[in-house]
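Reader: I have this small job for you, if you have a moment: could you take me through one part of this model closely? I would like to see how that part sits within the rest of the chain.

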Amino acid sequence: NMADRYDCLHKQMNQMIHQMFWRENAGGYATYLDDDCATHELTQAMLLYIGAVPDNKKNAVAGLIMWI
């Protein structure tokens, strides 16, 4: 059905986002593909919100957000 299809596409897209933007050395996500510094809190928050952050990385990413 259509819901299953969109759920599958959402998961695939989140995996691609993680693979492209995750920076292990920073422990978070780059805001731009050419940016190795993951210091932008909004980027971290948005990727947590949309579910693009794998479970094993959520605490590290949340820790980059100052108000958490």
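Author: Gladly; here is a walk around helix 2 and its surroundings, starting from the chain as a whole. Please keep in mind that this is a predicted model.

The chain holds three helices and two strands, and along the sequence they come in the pattern α-β-β-α-α. Of its 68 residues, 28% are buried. The chain exposes about 5000 Å², and carbon and sulfur atoms supply 60% of that area. Among contacts with a separation of 6 or more, 38% join residues 24 or more positions apart.

Now to the part itself. Helix 2 covers residues 41-50. Which of its residues are buried? They are Thr-43, Gln-44 and Leu-47. Viewed down the axis of helix 2, these buried residues fall within an arc of 100°, so they line one face of the helix. On the other side of helix 2, Leu-42 and Tyr-49 are exposed.

What covers the buried residues of helix 2? The cover includes helix 1, strand 2 (28-29) and helix 3.

Gln-44 is worth a pause. With a relative accessibility of 0%, Gln-44 counts as buried, because the cut-off for that word is under 20%. Its C-alpha atom is 6.1 Å from that of Val-61, although the two residues are 17 apart in sequence.

Follow the chain just past the end of helix 2 and you meet Gly-51, which takes a positive phi of about 85°. Gly-51 belongs to the loop between helix 2 and helix 3 (58-63). Is Gly-51 buried, partly exposed or exposed? Its relative accessible area is 41%, so Gly-51 is partly exposed. Gly-51 and His-10 are 41 residues apart along the chain, and their C-alpha atoms are separated by 8.9 Å.

To round off the surroundings, a look at helix 1, one of the elements that cover the buried residues of helix 2. Helix 1 spans residues 2-21, and Met-13 has its place there. Met-13 has a relative accessible area of 51%, so Met-13 is exposed, the cut-off being over 50%. Together with Met-16, Met-20 and Leu-33, Met-13 makes a nonpolar surface patch of about 410 Å².

Put side by side, helix 2 has a buried face with Thr-43, Gln-44 and Leu-47, exposed residues Leu-42 and Tyr-49 on its other side, and Gly-51 with its positive phi just after it.

Note on methods
Residues are numbered from 1 along each chain as its sequence is written. This is a predicted model: local features need pLDDT of at least 70, side-chain atom pairs count only at pLDDT 80 or more; totals for chains, interfaces and linings use all residues. Side-chain values use heavy atoms; hydrogens and water are left out. Patches are made of residues with over 30% relative accessible area and no salt bridge: like charges are joined within 9 Å, nonpolar side chains (Val, Leu, Ile, Met, Phe, Trp, Tyr) within 5 Å. Accessible areas come from the Shrake-Rupley method with a 1.4 Å probe; for residues, only the protein chains shown count as cover. A salt bridge is a side-chain nitrogen of Lys or Arg within 4 Å of a carboxyl oxygen of Asp or Glu. Helices (H or I, at least four residues) and strands (E, at least two) are DSSP runs, numbered from the N terminus. Buried means under 20% relative accessible area, exposed over 50%, partly exposed in between (1.4 Å probe, protein chains only). Contact means heavy atoms within 4.5 Å. The arc is that of the directions from the helix axis to the C-beta atoms.
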